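Student: Hi, have you got a few minutes to walk through a structure with me? I'd like to go through it piece by piece.

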Amino acid sequence: MCGIIGYTTKKNNSVEVALAGLKNLEYRGYDSSGIAFSTPDGLKMVKAKGKISNLEEKLKSMDTTSSCAIAHTRWATHGEPNETNAHPHKVGKITLVHNGIIENYATLKKELIKKGYTFASETDTEVATAYIDYCFSLEKNKLQAIVNACKAIRGSYAFDIIFEDEPNTIYATRKDSPLIVGYSNEGNFAASDISAILAYTNKYTLIQEGEYARITSSVVTFYNENLQEISKEIKTATWDAAQYQKNGYDHFMLKEIYEQPKVVQDIFERYFDDCTYSDIDFTKFDKIHIVACGSAMHAALIGKYLLQTYAKIPVTTEIASEYRYSESLITPTTLLIVVSQSGETADTLAALRLAKEQGAFVVGIVNAVGSTIAREVNKCIYTYAGPEIAVATTKGYTSQVAIFSTLALNAMKQKGLIEDENAIKDELLSIKDKLDYTLSLRDTYLDIAKDIYNHNDLFFIGRGIDSAICMEGSLKLKEISYMHSESYSAGELKHGTISLIEQGTPVIAIATNDNLFEKTVSNIKETKARGSYTIFVTTDDHKDCHFEEFADKTIILPKTSDFTQAILDVASLQLVAYETAKLRDCDIDKPRNLAKSVTVE
Ligand code: F6R
């Protein structure tokens, strides 16, 4: 979703640095971009639809010598992606970039129109800009004007603001959208996340809600909303710039897929070396709610299966955008687990806040260190998967599944339900080799991609834990290859959807769950009898089964326990999706319309 970066420097390269930073925010998803920069003739503003390279092209013919710039990638919410709607927006004496959504913009707009303001764009952001300008016209103190405007604005925002008469100073504040301040010897930043500035500095401070920063090239001052100066800790980021490079891979997605063996192995090693969450007392909770969005929800479904089946705790899962508006029936003995790679997903954050208000103890499974969700949960379990740049999550998902495995083990241990922990430990710690093997079957995945890439519809079917795996496989395929794909519980297909199976319709059938293997095979035969082209995913313990009766192609993966099988299965489906998207010539790392960090509701 939108990315913002502001840079004010003692030198005159603010445009170059802001653009470089903006490119590192591309992964968040965007459809237009823009920049405003100070010049001796006042602030100049340039915007372009589409890629940042379009913006760069426009800037080429201009003198971009400047010591302060604010720049933005926009993921359209209010109004189509075009230059008028792109940020920065300028109204009166205020120029700003914004990430978030101003919910009461329509009311504020009416108020401002009555006061004589006119609007060029359809955006909520232009209204916020005008509102700050209006507050500034009443209250000449700049910080006070911003504070007053923020009190009237409802919604989420991270703002980088420049006042006309102070063109080399950036004012920054946030609510429900991320924003950090970064420090270097040559200048200072206010950006959506650390990836934007890591090439220049790893020193940063998180701006908290209700805090305001005044940033010049040499000094950063923080204030609370009473305009009292406050001191803030400067942190050092542990992620380095190299982690934001493709390192020889064609795509970030591919690189991140191949990082999974180490990421997952590290999680299991950390758990067995020093179980950092043995402090969650599972014996106190009689039910667990798991709340997340998208792939994180698919990881949650595996978590539900493991916690319920092995730790014997009733678990419900619900997508965050529904949970936050439903009757959640939280009691003092409810444990809420929220799952989020980015740690900034608006709906997940809202669900966690709601549950905390109702007295729940909230555990977060989060990748982005220091993110809002990580900070607000009662107990944060980091996946430490490292930065994930590709919009489609891969290592983010598998690391969440690995954490759920260790959580289930921990709960089992506390409840005296583990018989042979050493056997489980050996099996978990053998994941790296099995995952390496799974990822080595590239020819198989490419061969399958060639079979399916020019079809319009495809189905994933499976039962039990395999049906949760199907959901992730299907999402991965559709989001990066734009193929229509549906995931169905294999037993449910004949209650309607089987009418869509025609001669040659591809069906990817997953049967890695021993108890349900024969049942799934029966369901596959039902689709085969109606002409499906079947790709069968199973484990090597079934290799003597007569696949030729119902499968056109097979993927045979190493057999592991329920605690890790999903990781192998989904890794293979990630590569099927990747190869298919490549054959369809899609923008794999930045699929259309999608955003990496969904910071709006
Ligand atoms: C799919 C994908 C999304 C995210 C979802 C939640 O590949 O990446 O479905 O899983 O937007 O994001 P986080 O985990 O950051 O809360």
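Tutor: Happy to! One term before we start: buried means under 20% relative accessible area, exposed means over 50%, and partly exposed is in between, using a 1.4 Å probe and protein chains only. This is a predicted model, where local features need pLDDT of at least 70, side-chain atom pairs count only at pLDDT 80 or more, and totals for chains, interfaces and linings use all residues. Residues are numbered from 1 along each chain as its sequence is written, and side-chain values use heavy atoms, with hydrogens and water left out.

Student: Great. Is Leu227 buried, partly exposed or exposed?

Tutor: Leu227 counts as partly exposed, because its relative accessibility is 22%. Its phi is positive, about 65°, although Leu227 is not a glycine. You'll find Leu227 in the loop between strand E13 (220-223) and strand E14 (229-230). Helices (H or I, at least four residues) and strands (E, at least two) are DSSP runs, numbered from the N terminus.

Student: And what is phi of Tyr482 near?

Tutor: Phi of Tyr482 is near 60°, again a positive value in a residue other than glycine. Tyr482 sits in the loop between helix H16 (465-481) and strand E22 (484-489). With a relative accessible area of 24%, Tyr482 is partly exposed.

Student: Switching to sheets. What is the strand order in the open sheet of five strands?

Tutor: The order is E17-E16-E18-E19-E20, and the pairing is parallel. Two strands pair if DSSP finds at least two bridges between them. Strand E17 (315-319) and strand E20 (379-382) are the edge strands, each pairing on one side only. On average, neighbouring strands of this sheet are turned by 20° against each other, direction ignored. Axes here are lines fitted to C-alpha atoms, for helices over the stretch in contact, and angles run from 0 to 180 degrees between N-to-C directions.

Student: How many bridges join E16 to E17?

Tutor: Five bridges join strand E16 (residues 287-292) to E17, and the two run parallel. One position to look at is His289, which stands opposite Thr316 in E17.

Student: Which helix lies across E16, E18, E19 and E20?

Tutor: That's helix H12 (residues 395-414), lying across E16, strand E18 (334-340), strand E19 (361-366) and E20. H12 runs at about 155° to E18.

Student: How about E8, how many of its six residues are buried?

Tutor: Five of them, so to speak of strand E8 (residues 170-175) as mostly covered is fair, by the definition of buried above. Strand E7 (residues 157-163) is joined to E8 by five bridges, and they run antiparallel. Tyr157 stands opposite Lys175 in E8. E7 and E8 form a hairpin, with six residues between them.

Student: What else is E8 joined to?

Tutor: Strand E12 (residues 212-215): four bridges join E8 to E12, and these run antiparallel. There, Ile170 has Ile215 in E12 as its bridge partner.

Student: New topic. How many cavities of 30 Å³ or more does a search of the whole structure find?

Tutor: Two. On a 1 Å grid over the protein atoms alone, a cavity is a set of points where a 1.4 Å probe fits but cannot get out, and lining residues have an atom within 4 Å of a point. Grid points are joined across faces, edges and corners, and a volume is the space filled by probe spheres set on the points.

Student: What lines the largest cavity?

Tutor: The lining of the largest cavity, about 50 Å³, includes Cys2, Arg74, Trp75, His87 and Asp124. While you're looking at His87, note that its peptide bond to Pro88 is cis, with omega near 0°. Pro88 is in the loop between strand E4 (68-74) and strand E5 (89-91).

Student: And what volume does the second largest cavity have?

Tutor: About 40 Å³. Among its lining residues are Ile465, Asp466, Ile469, Lys559 and Gln565. H16 gives the largest share of that lining, three residues.

Student: Where does Lys559 lie?

Tutor: Lys559 lies in the loop between strand E25 (553-557) and helix H18. Lys559 is partly exposed, with a relative accessible area of 25%. The C-alpha atoms of Lys559 and Val366 are separated by 28 Å, with these positions 193 residues apart along the chain counted as their spacing.

Key: Contact = heavy atoms within 4.5 Å. 1 Å grid on protein atoms, 1.4 Å probe; cavity = no way out; pocket = protein on both sides within 12 Å on 5 of 7 lines; lining within 4 Å.
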